[in-house]
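Q: Please take a close look at one part of this model, the surroundings of a single side chain, and then place that part in the fold around it.

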Amino acid sequence: MAFIKEGTFAVRSRIEDLDESGLAADAEQIENTSAGFLRDGDGEMLLTYTEGEGEAKIFSQITILADSVIVTRRGASESSIRLKIGEKHTSVYKVPPYAFDMEVEAIRIRNDMSIKGGRLDLFYFMTLGGQRRKVRLTVEFSPSALLGS
């Protein structure tokens with residue numbers, strides 16, 4: 001049986017460009033809050049939310065499985081990555097009309113997400129267009145209060 005809960009997602013990402021010796025050379029931080037849905041059931045948890053507005057809108061979907069996490073984004077930018085400890089995943093990152101080869105490697109996954117709320121932390125290395133980066137993506141879910149309660 002699946003349960004679906006509406007709520008608010010607070011999304012924070014920190015992306016650090018790494019120099020040739022592996023040290024952080026530059027960092028970009030992004031924070032936003034979006035309404036969305038959490039679906040829990042059938043052996044997976046699915047988080048869906050929308051970021052941005054107009055032509056900059058991005059539809060995000062995060063699938064949490066027992067052994068991995070899949071992050072898919074569609075809209076102003078497009079990507080799909082699978083994070084599993086011990087494995088590298090290659091795909092394509094698109095910002096129409098451009099496309100770049102992308103490789104990700106999970107460092108750590110912390111998940112205490114539930115229908116009652118919680119947090120997902122993803123730590124991974126990403127090589128995009130030849131530039132190696134260290135990424136931390138944090139997603140926090142707060143369920144909406146029931147009307148009349």
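A: **A side chain and its setting**

The side chains of Glu51 and Ser60 make a polar contact of 2.9 Å, where a polar contact is a pair of N or O atoms within 3.5 Å, one of which, within protein, must be able to donate a hydrogen and the other to accept it, and where residues adjacent in sequence count only if both atoms are side-chain atoms. A polar contact of 2.6 Å also joins the side chain of Glu51 to that of Asn32. This is a predicted model, in which local features need pLDDT of at least 70 and side-chain atom pairs count only at pLDDT 80 or more, while totals for chains, interfaces and linings use all residues. Residues are numbered from 1 along each chain as its sequence is written, and side-chain values use heavy atoms, with hydrogens and water left out.

Glu51 is buried, with a relative accessible area of 10%; buried means under 20%, with a 1.4 Å probe and protein chains only. Not counting residues up to four places away in sequence, Glu51 touches Asn32, Ser34, Ala56, Lys57, Ile58, Ser60 and Arg73, a contact being heavy atoms within 4.5 Å.

Glu51 belongs to strand β3, strands being DSSP runs of E of at least two residues, numbered from the N terminus. Strand β3 (residues 44-51) runs antiparallel to strand β2 (residues 24-41), and six bridges join them; two strands pair if DSSP finds at least two bridges between them. Within this pairing, Arg39 stands opposite Leu46 in β3.

The wider sheet is open and antiparallel, with 10 strands in the order β6-β5-β4-β3-β2-β1-β10-β9-β8-β7. Because β6 (79-83) and β7 (88-95) stand at the edges, each with a single partner strand, one side of each is left without a neighbour in the sheet. Further along the order, 11 bridges join β1 (residues 3-18) to β10 (residues 131-143), with Phe9 opposite Phe141 in β10.

Arg73, one of the residues that Glu51 touches, is also among those nearest the centre of the largest pocket, together with Ser13, Ile15, Ile30 and Tyr93. On a 1 Å grid over the protein atoms alone, a pocket is an open set of points where a 1.4 Å probe fits, with protein on both sides within 12 Å along at least five of seven lines, and lining residues have an atom within 4 Å of a point. The lining of the largest pocket has 31 residues, and β2 gives the most to it, with six residues.

Definitions and conventions. Helix = DSSP H or I, 4+ residues; strand = E, 2+ residues; numbered from the N terminus. Buried < 20%, exposed > 50% of the residue type's maximum accessible area, 1.4 Å probe, protein only.
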